[in-house]
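Visitor: I'd like to go through this model with you before I get back to the bench. Could you take my questions as they come?

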Amino acid sequence: MAQATPITVAYGDGIGPEIMQATLDIIQAAGASIAPQVIEIGEKVYAKGISAGIEPTSWDSLRSTKVFLKAPITTPQGGGFKSLNVTTRKVLGLYANVRPCVSYSPFIATKHPNMDVVIVRENEEDVYGGIEHRQTQQVTQCLKLISRPGSERIVRYAFEYAVRHNRKKVTCFTKDNIMKITDGLFHRVFEEIGEEYPEIEKEHWIVDIGAAKLADTPEAFDVIVLPNLYGDVLSDVAAQIAGSVGLAGSANIGDDFAMFEAIHGSAPRRAGQNLANPSGLLFGALLMLVHIGQPAVAQRVHNAWLRTIEDGVHTYDIFKDGVSKQKVGTKEFAQAVIARLGQVPKTLKPVSYNTERAQEARKPRPAKAPEKKATVGVDVFLDWTGTPNALGEKMKTIPSGELELYMITNRGTKVWPGGFPDTFCSDHWTCRYLAKGGAAVDHRQIVDLLGRIAAAGLDFIKTENLCTFDGKNGFSAAQGE
Ligand code: NAD
């Protein structure tokens, strides 16, 4: 027999130890060939003064197994503690968050009986770099970073997931009617990579109306791929409308490592009472079994779980008079699933982990040649209080060298020259300088300009270079420009 696959396991806090035990009991009874290595995370580790919530030596286990099955932890209140999830995601490079959201009508109450959606969320970029600055008395900013390689690998992951799991359609959500450069890149990459998957249907929705459609008619979607922030919000919406946040598991996948968990927290008020529903973590474990090449075990457990739900054996959180038949605790629920191993549901659709499907060879995409970058100007951001015209007049007195003051904007709206008197202006201004005659600008010209602006007594807070790529503007126009 093949050697058992080593996995790193953390029992976590609150209901964590109970649901982890139940999960391991079920998958091992089903024949999972795993060799768990237990590490400590969460409250006990934070209490030792380790702000990351994980013992430094635990990384050794993770580095050797590369697979992490993790129960929820209780995040300590107060400052100074780092989120273990964010740390793990960043340290292990877990760029894809995968969350299947399925309804189990009529056995678990839901307004959407035919929902079966998989959310594939980009996990590392967007505003989650947490790069924030307060720049003036009134204005704060957060940088939203979307990269081509980051977008390419999450979009490719979504299409590969769709192929492997026999899914028919991949939908992309962005807000590229507003964020034409950042979300525009994500959308463009989706179109480009989508061309390699002619057998998969593709569509794009603006995230606002897409989210409304998802909440109203989730059965219209199959796999949805989206940038980090939209994915964070919509994956919870999707899990909730499927029936219960307590039922969903998720996978965090990187090139070398993967972490599997329930999407809910440690539910401290339910801890130690044999009450919690282990299904969310169990579904995380099923994603893990597929990842480590044991899909047949995952299928066996999944079908037994469906049969248990169908038989009305329910934990308190999904128990409903008239539908449920037996209210059980965590342990009894696990035993009920184990007792049904080998059975399939009668009313719900049995699952088949169709991993035998031959992958079509994809032609490698030709590497994109770097585009020719030219700096053609600079946006100089100022902390200043007054009217647009007063600022315009003041800026005109500052010699601008090879650059020309083109316009002044406030929170993205053009206010000088020729602004509207009604536009509200904060203390955060952007002076856009462009090279005279479209010439190239070098760093020295920008530094000299900043020197003269500072000498005129103005408080510049940052600059953004204005660049073109193969002649196309790599910067947004202003509202009203
Ligand atoms: P929670 O998900 O723990 O609980 C929300 C509600 O759902 C509660 O009423 C709870 O009793 C119920 N619930 C959750 N899981 C359940 C289960 N398996 N069975 C039955 N009922 C269940 O969210 P919370 O109360 O906001 O957070 C509690 C703690 O968990 C906090 O410290 C939070 O920071 C942490 N948390 C951890 C993770 C993680 O480790 N991945 C994720 C979310 C929250």
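Visitor: How many residue pairs are in polar contact across the interface of domain 1 and domain 2?

Guide: The rule finds five such pairs, with both residues at pLDDT 80 or more; a polar contact here is a pair of N or O atoms within 3.5 Å, where within protein one must be able to donate a hydrogen and the other to accept it, and residues adjacent in sequence count only if both atoms are side-chain atoms. This is a predicted model, in which local features need pLDDT of at least 70 and side-chain atom pairs count only at pLDDT 80 or more, while totals for chains, interfaces and linings use all residues. Residues are numbered from 1 along each chain as its sequence is written, and side-chain values use heavy atoms, with hydrogens and water left out.

Visitor: And how many salt bridges does the rule find there?

Guide: Across that interface it finds zero, taking a salt bridge as a side-chain nitrogen of Lys or Arg within 4 Å of a carboxyl oxygen of Asp or Glu. The side of domain 1 that touches domain 2 has one nonpolar, five polar and no charged residues, where Ala, Val, Leu, Ile, Met, Phe, Trp, Tyr, Cys and Pro count as nonpolar, Asp, Glu, Lys and Arg as charged, and the others, Gly among them, as polar.

Visitor: Where do the two domains run?

Guide: Domain 1 covers 5–339 and domain 2 covers 373–473, with bounds from an automatic or database domain assignment.

Visitor: Switching to the ligand, which residues are closest?

Guide: Of the 18 residues that surround the ligand, the closest are T75, G265, A267, N277 and Y316, a residue being near if one of its heavy atoms lies within 4 Å.

Visitor: What lies 2.7 Å from an oxygen atom of the ligand?

Guide: That is a backbone N or O atom of A267, whereas T75 places a polar side-chain atom 2.9 Å from a ligand oxygen. For H264, a polar side-chain atom lies 3.2 Å from a nitrogen atom of the ligand.

Visitor: What classes make up the shell?

Guide: The shell around the ligand has seven nonpolar, seven polar and four charged residues.
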